[in-house]
Amino acid sequence: MNNTKPAKINYDFIDSLRFISMFGIVMEHSSFFFGAKFKYFDEKIVQIFSLQFFKFGTIIFFLLAGFLIGDKFNTYSTKEYLKRRLQNTVKPWLFWVVVLFVLNYIDIAVRNIKSGDPTFMGKSIANILGDFGDIVFNTSYWFIPNFLICIAILLLFRKYLYNIFFGGFLLILSLSYSINLYLDIFPTSHTTALFGFIFYLWLGVQINRHYEKFKIIIQNTCISILIALTFITFMLSSWESYYLLAKLPNDPFNTLRISNIIYSLVCFALLYKLGDKISLNKFKPSIFTFGIYLVHQILVFRLMPLIFRPLHISFENKSAYYFLSIQLLTFAVVYTSSILLVYMINKVPSMRWIVGR
């Protein structure tokens, strides 16, 4: 049984931390550094630092989701919990996946009509399903099916939820993806790492169960130590990416790098330590975070090209500093637009379900 009373848990802070993590996720998805190759050391450092700084977002999201699941598993039956997830998570997710899918095909049709080609260039059912699968597994929308698989496994082994050996097995699964970055035995992409994130969901459940102990440990830890550890792990994560860029360049910025896992956990501790100093309660982050996740990728893929084309923005033979400036521009446009779009949707009660409310 959970010995922690729910009233003691700082859910407002969890909302703030999720919002901060989403800030980092949108920044990462606004980057065009992935796959770019730079010759000079300073440009490689700009590339690595810009991608690594906010790389804690995904793992922290799983931790916080697990933290909240710790309460829900004690409140709802498996059937009730899955029903709530379907209503509040899957339905809005599927809506926006379909929106992006349709917009992609409208873009194809418009370009082909302009060029005089057949509207969809003989797209077969297999091609169409493949395009839909690419959206589900190779964009930010990968998170929800992966998240649901993680939840399903925890529910399946619910009676072992607080078993340390079960947690150890899940940790081994996660670290196998870290090791595979160097061996390349199976696909390395974190978007297809179906079992790579279950441990962090499980770890969040344990933090919930032992919340008072966790809180005391963080309170008794000097903030200067946490800041120093954050800096050290950031540099180690950056070094690992630098090494992978040179030696095994297939996926040098993978979220499940061992160094990035440690960096993410330290960032979680630091952000928790900062507590009220980073509280965003007045902004009501809980009504924005999931909506921003749902809409931002569409804005990156479909809005930004409309801005880039008339400005003749391209990346061929450009420096890392140019890439960074475009990343910051993209983030400013996408993040601001995402907040405004979610805000307007929330103003229409009948439409709130599409942002999970």
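The lining of the second largest cavity in this predicted model is a mix: four of its residues are nonpolar, two are polar and two are charged. The residues in question are L181, D184, T188, L244, L248, N250, D251 and P252. Together they surround a space with a volume of about 60 Å³. Searching the whole structure turns up two cavities of 30 Å³ or more. The idea behind such a search is simple enough: rolling a probe the size of a water molecule over the atoms shows where empty space is left.

Open spaces come next. The largest pocket has a volume of about 890 Å³, and 36 residues line it. Those that lie nearest its centre are R18, L68, R85, T89 and F290. Which elements give two or more residues to this lining? They are α1, α3, α4, α6 (143-156) and α12. Of these, α3 supplies the largest share, with seven residues. Sorted by class, the pocket lining contains 17 nonpolar, 11 polar and eight charged residues.

Helix α3 turns up again in the packing of the interior. The largest nonpolar core is made of 89 residues, and F62, Y141, L154, F197, L201 and I292 have the most contacts inside it. Here too α3 (residues 57-75) gives the largest share, this time 11 residues. Another core lies apart from this one; it has 10 residues, including F33, A36, F38 and L51.

One of the helices that line the pocket, α1, can be looked at by itself. It has 19 residues, and the distance from its first C-alpha to its last is 27 Å, close to the 27 Å expected at 1.5 Å a residue. Is this helix enclosed or open, and how many of its residues are buried? The count is 14 of the 19, so α1 is largely enclosed by the rest of the structure. As background for reading any such helix, an α-helix has 3.6 residues a turn, so residues three or four places apart point the same way.

Charged pairs are the next thing to look at. Side chains of opposite charge can pair when their charged atoms come close. In this model, the count comes to five salt bridges. One of them joins E28 and K55, with the closest N and O atoms 2.4 Å apart. This pair links distant parts of the chain, since E28 sits in helix α1 (residues 11-29) and K55 in the loop between α2 (41-52) and α3, 27 residues apart. Are the two partners buried or exposed? With a relative accessible area of 8%, E28 is buried. K55 has a relative accessibility of 3%, so it counts as buried as well.

Residue D107 has two partners. Its side chain meets that of R302 in a salt bridge, at 3.3 Å from N to O. D107 belongs to helix α4 (residues 78-115) and R302 to helix α12 (residues 289-311), so this pair ties together parts that are 195 residues apart in sequence. Both D107 and R302 are buried. The side chain of D107 also meets that of R309 in a salt bridge, at 3.8 Å from N to O. R309 is in helix α12 too, so its pairing with D107 in helix α4 ties together parts that are 202 residues apart in sequence. How do these two partners compare in accessibility? D107, at 14% relative accessibility, counts as buried because the cut-off for that label is under 20%. R309, at 45%, counts as partly exposed because the label for exposed needs over 50%. Taken together, D107, R302 and R309 are linked in a network of salt bridges.

Finally, two residues stand out for their backbone angles. H312 has a phi near 55°, a positive value in a residue other than glycine. N317 is not a glycine either, yet its phi is positive, at about 60°. Where along the chain is H312? It lies in the loop between α12 and α13 (320-346). N317 has its place in the loop between α12 and α13 too. Turning to accessibility, H312 has a relative accessible area of 71%, so it is exposed. N317 is exposed as well, because its relative accessible area is 76%.

How values were computed. Residues numbered from 1 in each chain as written. Predicted model: local features only at pLDDT ≥ 70, side-chain atom pairs only at ≥ 80, totals over all residues. Heavy atoms only, no water. 1 Å grid on protein atoms, 1.4 Å probe; cavity = no way out; pocket = protein on both sides within 12 Å on 5 of 7 lines; lining within 4 Å. Points joined across faces, edges and corners; volume = space filled by probe spheres on them. Nonpolar A, V, L, I, M, F, W, Y, C, P; charged D, E, K, R; others polar. Core = buried A, V, L, I, M, F, W, Y, C linked by side-chain atoms within 4.5 Å. Buried < 20%, exposed > 50% of the residue type's maximum accessible area, 1.4 Å probe, protein only. Helix = DSSP H or I, 4+ residues; strand = E, 2+ residues; numbered from the N terminus. Salt bridge = Lys/Arg side-chain N within 4 Å of Asp/Glu carboxyl O. Expected span 1.5 Å × (residues − 1).
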